[in-house]
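Reader: I am new to this structure. May I put a few short questions to you about its cores, its surface and its rings?

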Amino acid sequence: MPFYIYAWIGAAVSGLFVITAKLTSKHAIANPWLFNFLLTTVTLLFTIPPAIYYHAVFPNGWGLIILAAIFSTLFNIFYIFSNYSLDVSTFMPLFNFRGVFAVLIGIGFFGEKLTTYRLLFVGVILIAGIFSSMDEKFNIRSFFKRTIAIGILTTLFLAINNAFIKQSLVNNSLWTTNLWVAVLNFLMLIPTIRLFKKDLKKLDVTHILPVGVMGIFYTITGFVANKAYEGNLSVSSLIMTMPFSMVFAFLFSIFAPKLLEKHTLKIYAIRFTSVAVMIWAAMQLTR
């Protein structure tokens, strides 16, 4: 199968993961700490079989793995809280700030230079990000809120995690890295059990099923994305940035507005235009 088919499948399934997470937080699991722990547990369980299949071993050096796991855990926690507080069509565009943070990490840790060319596109992403958070009040202050700040921090933690993962892959295989980051994620969240232990008695199939489905989506996305990247990294990366989750959220707003989110067509037009500009600017930063 051509690499771009894998990439499109990965983008679509990743979008379904996002939508399932939002529906779960809104209608099934009220406690974000419980949701985070369940999702981390399921992710670990779905990581173990392919890790064994691909002969994952103990890592060559724990330092980068531990750092990657710390920021992966922070990313997961902040992702879940942002998922509870922000619309899908507001939260997902913020991930385009990852390109900005990647540039800043390159400057701070790898001695890269911030050229005027790159600075221009950083500004474009910031301005487009402001418009992507607009609601019906059309107030610029909607971007400067605590919930948006948490969403941007989520992206920062992901960018730092990716940087440590990249360095770890120099001396370790992909699945060795994935396995031990997932194990450490689980161990780091054990102290949070006290924040939701009362809710454990209330767990039933309506809580477990959607998280299990998310685990399946996570596994599929990881597999097809790696297949796509093997064929063509740049084109596959572009396809994987397509905002399927926003498209799904928009469809929900039309056919089932009470389930997810509801805004006017004008607001969705602004948000889709903003995310298109952010994707384009982020692509320029990677050149």
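Author: The answers below take up the nonpolar cores, then one residue in a helix, then the surface and the aromatic rings. Please note that this is a predicted model.

Reader: Let us start inside. Which residues of the largest nonpolar core touch the most other members?

Author: That core has 56 residues, and Y79, M92, L94, F97 and I125 touch the most other members. Helix α7, residues 146–168, gives the most to this core, with seven residues.

Reader: What does I125 touch, leaving out residues up to four places away in sequence?

Author: I125 is in contact with N96, F97, V100, M278, A281, A282 and L285.

Reader: And what lies apart from the largest core?

Author: There is another core of 10 residues, and I65, A69, W180 and L184 are among them.

Reader: A change of topic: where is T177 found?

Author: T177 belongs to helix α8, which covers residues 174–189.

Reader: Is T177 buried or exposed, and why?

Author: T177 counts as buried because its relative accessibility is 1%, and the cut-off for buried is under 20%.

Reader: Which residues does T177 touch, again without those up to four places away in sequence?

Author: Its contacts are I65, I165, S168, L169 and N172. I65 is also one of the residues in the core of 10.

Reader: Now the outside. Which residues make the nonpolar surface patch?

Author: M1, Y4, I5, W8, I9, I216 and I220 make a patch of about 620 Å². Two elements give two or more residues to it, namely α1 (3–27) and α9 (205–231). The most comes from α1, with four residues.

Reader: How does I216 count in terms of accessibility?

Author: I216, which lies in helix α9, counts as partly exposed because its relative accessibility is 41%.

Reader: On to the rings: how many aromatic pairs does a search of the whole structure find?

Author: The search finds 25 aromatic pairs. One of them joins F37 and F186, which are tilted, with 5.5 Å centre to centre and 40° between the planes. This pair links distant parts of the chain, since F37 is in helix α2 (residues 32–53) and F186 is in helix α8, 149 residues apart.

Reader: Are F37 and F186 buried or partly exposed?

Author: F37 is buried, with a relative accessible area of 13%, whereas F186 counts as partly exposed at 23% relative accessibility.

Reader: Which residues do ring pairs link into a cluster?

Author: The cluster consists of F71, F78, F157 and F164.

Conventions:
Residues numbered from 1 in each chain as written. Predicted model: local features only at pLDDT ≥ 70, side-chain atom pairs only at ≥ 80, totals over all residues. Heavy atoms only, no water. Buried < 20%, exposed > 50% of the residue type's maximum accessible area, 1.4 Å probe, protein only. Contact = heavy atoms within 4.5 Å. Patch = residues over 30% accessible without salt bridge, like charges linked within 9 Å, V, L, I, M, F, W, Y side chains within 5 Å. Areas by Shrake-Rupley, 256 points an atom, 1.4 Å probe, with all protein chains shown as cover. Salt bridge = Lys/Arg side-chain N within 4 Å of Asp/Glu carboxyl O. Core = buried A, V, L, I, M, F, W, Y, C linked by side-chain atoms within 4.5 Å. Phe/Tyr/Trp six-rings, centres within 6.5 Å; stacked < 30°, edge-to-face > 60°.
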